[in-house]
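Trainee: I would like to learn how to read the features of a protein model, one at a time. Could we go through one together, with the general idea before each case?

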Amino acid sequence: MPLSTHSQSDDEQYVFVASLDNARNLSNILKAIAFKDHAVFTATPNGLKVTVEDSKCMQANAFIQVEVFQEFTIKEDLVGFQVNLTVLLDCLNIFGGSTAPGVSTALRICYKGYGHPLTLFLEEGGVVTVCKINTEEPEETIDFEFCSSNVTNKVILQSENLKEAFSELDMTSEVLQFTMSPSPPYFRLSTFGNSGSAHYDYSKDSDMMELFKCTKTQVNRYKMSLLKPSTKALALSCKVSVRTNSRGFLSLQYLIRNDNGQICFVEYYCCPDEEVGEA
């Protein structure tokens, strides 16, 4: 790949360099969290984390592990910057984002550090395009405190089953209510729209359910407008983990396989709209 022919002296000026044979393996994941213009990028030796927030009520994180990249060099323990995600996605698809077999856009990402632009080298069919995107100091992101000790209830299901539920739920409802309980209805999604209330139930013994671990009954409502962007990640995913913590915060973690079959994760956190009650 021509992009790998950069000299060693070129790379020495960068604090972060990463390359992918197929830019779609990054752009597809980023599209799943692209509901606001700005994103905070955090590179560590484990890989790349990209965070987007909405009104401090909702946060989406995309995790691209170091193994997904053909090259991943970082000279500090942590490199962080903020960029316009819309502009970045436009650059990543500058060649049209072809899905034709055998046609892919190679990508090399370079960053010199604070105050410098993010430089993208994109190559397809021997043509190289260089894009420079202004960076900003990253804003501090919220810690939703979703450590395992705070998790009250957790279910893991095949994404197909959640896609089916979302297609049947009344999206005119302002909220989506999650009921998670060790007793029936176990796991229920409810809406309250123009045509009345609707429920979608999952039994803990259902074939749809890969894991059911609920310790107490929680009924929480979340604004539909905050959850809607997560359907982009749901569409790409093969499994989804639904968790709630003791404060009623919601975590939706989507397992997504890229074009090469490698696993990446997208996680959405959402604040509850109102507490309906606990048993």
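Mentor: Let us take Glu145, in a model that is predicted. Glu145 counts as partly exposed because its relative accessibility is 41%, which lies between the cut-offs of 20% for buried and 50% for exposed.

Trainee: With which residue does Glu145 form a salt bridge?

Mentor: Glu145 forms a salt bridge with Arg247, and the closest N and O atoms of the two are 3.2 Å apart. Arg247 sits in the loop between β16 (237-245) and β17 (250-257), while Glu145 sits in the loop between β9 (127-133) and β10 (151-158), so this pair ties together parts that are 102 residues apart in sequence. Arg247 is also partly exposed, at 44% relative accessibility.

Trainee: How many salt bridges does the structure hold?

Mentor: The structure holds eleven salt bridges. Another one joins Asp273 to Lys223, where the closest N and O atoms are 2.7 Å apart. Asp273 belongs to the loop between β18 (263-270) and β19 (274-278) and Lys223 to strand β15 (residues 218-223), so parts that are 50 residues apart in sequence are tied together by the pair. Asp273 is partly exposed, with a relative accessible area of 30%, and Lys223 is partly exposed too, at 38%.

Trainee: In the salt bridge of Asp54 and Lys36, is Asp54 buried or exposed?

Mentor: Asp54 is buried, with a relative accessible area of 15%, whereas Lys36 counts as partly exposed at 39%. Their side chains meet in a salt bridge of 3.7 Å, N to O. This pair links distant parts of the chain, with Asp54 in strand β3 (residues 47-54) and Lys36 in the loop between α2 (24-31) and β2 (38-44), 18 residues apart.

Trainee: How should I read the nonpolar residues, and which of them touch the most other members of the largest core?

Mentor: The general idea is that, in soluble globular proteins, nonpolar side chains tend to be buried together. Here the largest nonpolar core has 72 residues, and those that touch the most other members are Phe16, Leu88, Leu120, Phe187, Leu189 and Tyr268. The element that gives the most to this core is helix α3 (residues 85-92), with five residues. A second, separate core has five residues, among them Phe146, Phe249, Tyr269 and Cys271.

Trainee: Which residues does Leu120 touch?

Mentor: When residues up to four places away in sequence are not counted, Leu120 touches Leu88, Cys91, Leu92, Leu107, Arg108, Ile109, Thr129, Val130, Cys131 and Ile133.

Trainee: How is empty space found, and how many cavities of 30 Å³ or more are there in the whole structure?

Mentor: Rolling a probe the size of a water molecule over the atoms shows where empty space is left. A search of the whole structure finds two cavities of 30 Å³ or more, and the second largest cavity holds about 40 Å³ of space. The residues that line the second largest cavity are Phe16, Leu26, Phe41, Leu48, Phe81, Leu88, Ile109 and Leu118. This lining divides into eight nonpolar residues, no polar ones and no charged ones.

Trainee: Leu26 is in that lining, so let me turn to its helix: how many residues of α2 are buried?

Mentor: Six of the eight residues of α2 are buried, and the helix is thus mostly covered. The buried residues are Asn25, Leu26, Ser27, Asn28, Ile29 and Leu30.

Trainee: What should I look for in the backbone, and where is there a cis peptide bond?

Mentor: Most residues other than glycine have a negative phi, and most peptide bonds are trans. In this model a cis peptide bond joins Pro184 and Pro185, with omega about 10°, and Pro185 has its place in the loop between β11 (175-180) and β12 (187-193). Tyr186 lies in the loop between β11 and β12 and has a positive phi, near 65°. Tyr186 is buried, with a relative accessible area of 18%. Lys56, found in the loop between β3 and β4 (58-65), has a positive phi as well, near 60°.

Note on methods
Residues are numbered from 1 along each chain as its sequence is written. This is a predicted model: local features need pLDDT of at least 70, side-chain atom pairs count only at pLDDT 80 or more; totals for chains, interfaces and linings use all residues. Side-chain values use heavy atoms; hydrogens and water are left out. A salt bridge is a side-chain nitrogen of Lys or Arg within 4 Å of a carboxyl oxygen of Asp or Glu. Helices (H or I, at least four residues) and strands (E, at least two) are DSSP runs, numbered from the N terminus. Buried means under 20% relative accessible area, exposed over 50%, partly exposed in between (1.4 Å probe, protein chains only). A nonpolar core is a set of buried Ala, Val, Leu, Ile, Met, Phe, Trp, Tyr and Cys residues joined through side-chain atoms within 4.5 Å. Contact means heavy atoms within 4.5 Å. On a 1 Å grid over the protein atoms alone, a cavity is a set of points where a 1.4 Å probe fits but cannot get out, and a pocket is an open set with protein on both sides within 12 Å along at least five of seven lines; lining residues have an atom within 4 Å of a point. Grid points are joined across faces, edges and corners, and a volume is the space filled by probe spheres set on the points. Ala, Val, Leu, Ile, Met, Phe, Trp, Tyr, Cys and Pro count as nonpolar, Asp, Glu, Lys and Arg as charged, and the others, Gly among them, as polar.
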